[in-house]
Amino acid sequence: MKKKLIVILYCAALLMTATLFANNQSAVSESKSLLRCGIARTDITPTNPVQMSGYGSRKGLSHGIHDPLNVRVIAFENKGKKLVLVSTDVLGFYGGTAEQIRSVLLDRFELAPSELFLCAIHTHAAPTVTMNEKTAHPNNVEYTGILTKKIGSAVETALHLMTPVKVGAGRGYSPVGMNWREKRIVPSSAGSSQTVVNLGRNPYGPTDKEVLVTRIVQSDGTSIAAIFDYACHATLLGGRNYQISGDLLGLAEQFVEKILGKSFIAPAFAGASGNIDPWFRVLPEFNTEPGWIPEPVLLATLLGEEVVHTFRKIDTFSEHGEIRTLITTLKLPAKESKDFMPSEPRQAELTITAAHIGQIAFIGFGCEMLTEVGMAIKKASPFPYTFVITHCNGAAGYLPPADLYPEGGYEVQTSHFAPEAAEIVIQQAGKMLNELHTD
Ligand SMILES: [Zn+2]
């Protein structure tokens, strides 16, 4: 009897130990699968006059600061897998600067190429980012060196200040973006008429009104960031402006941060906006003297308010979001061009970077994608929230859909890609998103 009791007690003890062990194991694996996140924001406003990019007609250097520029970094980590999202208040990383800055960051922080989204908000009121000492103004080369260091410091801060977080996403809608492919009927040389597409406003053309927001909340309940994505050019101030500004997306970032708190960051990402302008530009009489604020701020406030509304409605969160990332560089068919020798295959490269955190997908394109292409990618995605991000990890120019080629227009004329390229990109993006979605 006594012996039997001892056996039972021994078995019970074993069972308890096994249960405790199992619980510990589960606690360990749960704590390991927790999503962590770090954030950083660094001022990148130029301190000297610089060449500004976005308008060929604008000569001379900047004079004055309308509003500050920043780089905003959000770094996620789960089970050793990282995702670093960098939103920079500049036009883009052209002329090989994306590759150069990425290479510095990838080496320094031992990131896989697919773990880094180096993106620009495409503001047309920021310094030209260039390392070309032969063609650029020395102030711009100096600025780009400082910018590279500042982006590095911001990424370092974000990676070193990680805390457990939970994330949720939501969608709002904004009318701020307007299709710019204005169609006009003009007399043709043969005496009849023809339709031409100009840069203007086309209220009947497609726009993607979706405002996507990711809300990031610490374990103590404090919200620390809102990532937002909207398809519109940051061109409110136009080509006559010589003041530095984040323009539409930069001003919206500043508005959201003003509402949600100083230590809060709101990095913007430009959606598929290759043919989308703000609903209006400032009047030609726009006064660029410091202190003249209302016109450019008006539409940015409208967009910022929608970001805040959407942010506040997000009430479902996950703290166990798995991170997966993918990157590929496609060799796409290019247009006929004198730049290619007849014996060479006509190809234009485009880098696509895809990542997900749980049910939220981010897909970045190193080009300026027209809005129809971005909407098709969202439709092909198996994720409930797909942040289509342009000006990301490269700068390959406009990517129009095939059906716009016969119409012509600025984006079609200046694109390096052949008409069939967009469909290949849509297929490849869908494939990558589906690959991320399957366990
Ligand atoms: Zn553009």
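1. A good place to start is H122: with 29 C-beta neighbours inside 10 Å, this residue counts as buried, because 20 or more are enough for that label. H122 sits in the loop between β4 and α3. Its phi is positive, near 70°, although the residue is not a glycine. That is worth a second look, as most residues other than glycine have a negative phi. Please keep in mind throughout that this is a predicted model.

2. N393 makes a good companion to H122. Its phi is also that of a residue other than glycine with a positive value, here near 55°. You will find N393 in the loop between β17 and β18 (398-399). Is N393 buried or exposed? It has 26 C-beta neighbours inside 10 Å and therefore counts as buried.

3. Now for the chain as a whole. The protein chain has 8 helices and 18 strands. Of its 439 residues, 47% are buried. If you take the contacts between residues at least 6 apart in sequence, 76% of them join residues at least 24 apart.

4. The largest nonpolar core holds 114 residues, and V73 and V307 have the most contacts inside it. Helix α8 (residues 421-437) gives this core its largest share, 8 residues. In general terms, nonpolar side chains tend to be buried together in soluble globular proteins. To see the surroundings of V73, look for its contacts beyond four places in sequence: I39, A40, V84, V86, A154, V155 and A158.

5. The strands next. One open sheet has 8 strands in the order β4-β3-β2-β1-β5-β9-β10-β11, and its pairing is mixed. Which strands stand at the edges? They are β4 and β11 (268-270); each has a single partner strand, so one side of each is left without a neighbour in the sheet. From one strand to the next, the twist averages 20°.

6. Within that order, β1 (residues 36-43) and β2 (residues 70-78) are antiparallel partners, paired over 8 bridges. To find the pairing on screen, pick G38, whose bridge partner in β2 is A75. Helix α4 (residues 247-260) packs on the sheet, where it touches β10 (223-230) and β11, and its direction makes about 155° with that of β11.

7. L83 is a helpful residue for tracing long-range links. It lies in strand β3 (residues 81-88) and, with 25 C-beta neighbours inside 10 Å, counts as buried. How many residues apart in sequence are L83 and I357? The answer is 274, while their C-alpha atoms are 8.8 Å apart in space. Leaving aside residues up to four places away, L83 touches F76, E115, I323, T325, A355 and I357.

8. A second sheet to view is an open one of 4 strands, ordered β13-β14-β15-β17, with mixed pairing. Its edge strands, β13 (323-333) and β17 (385-389), each pair on one side only. Neighbouring strands here are turned by 15° against each other on average, direction ignored.

9. In this 4-stranded sheet, β15 (residues 360-365) and β17 run parallel and are joined by 5 bridges. F362 stands opposite F387 in β17. Helix α8 lies across β13, β14 (347-357), β15 and β17, and runs at about 160° to β13. This is the helix that brings 8 residues to the largest nonpolar core.

10. Helix α2 (residues 97-109) is a nice case to check by hand. At 1.5 Å a residue, its 13 residues should span 18 Å, and the end C-alpha atoms are indeed 18 Å apart, so the two values agree.

11. Which residues of α2 are buried? T97, A98, I101 and R102 are. These residues cover an arc of only 120° around the axis, which means that they lie on the same side of α2. The spacing fits a general rule: an α-helix has 3.6 residues a turn, so residues three or four places apart point the same way. S103 and D107, on the other side of α2, are exposed. The cover over the buried residues includes β4 (116-120) and α3 (138-160). Just after α2 comes E110, with a positive phi near 50°.

Terms used. Residues numbered from 1 in each chain as written. Predicted model: local features only at pLDDT ≥ 70, side-chain atom pairs only at ≥ 80, totals over all residues. Core = buried A, V, L, I, M, F, W, Y, C linked by C-beta atoms within 7 Å. Buried ≥ 20, exposed ≤ 12 C-beta atoms within 10 Å, placed from the backbone. Helix = DSSP H or I, 4+ residues; strand = E, 2+ residues; numbered from the N terminus. Contact = placed C-beta atoms within 7 Å. Expected span 1.5 Å × (residues − 1). Arc of directions from axis to C-beta. Pairing = 2+ DSSP bridges. Axes fitted to C-alpha atoms, helices over the stretch in contact; angles between N-to-C directions.
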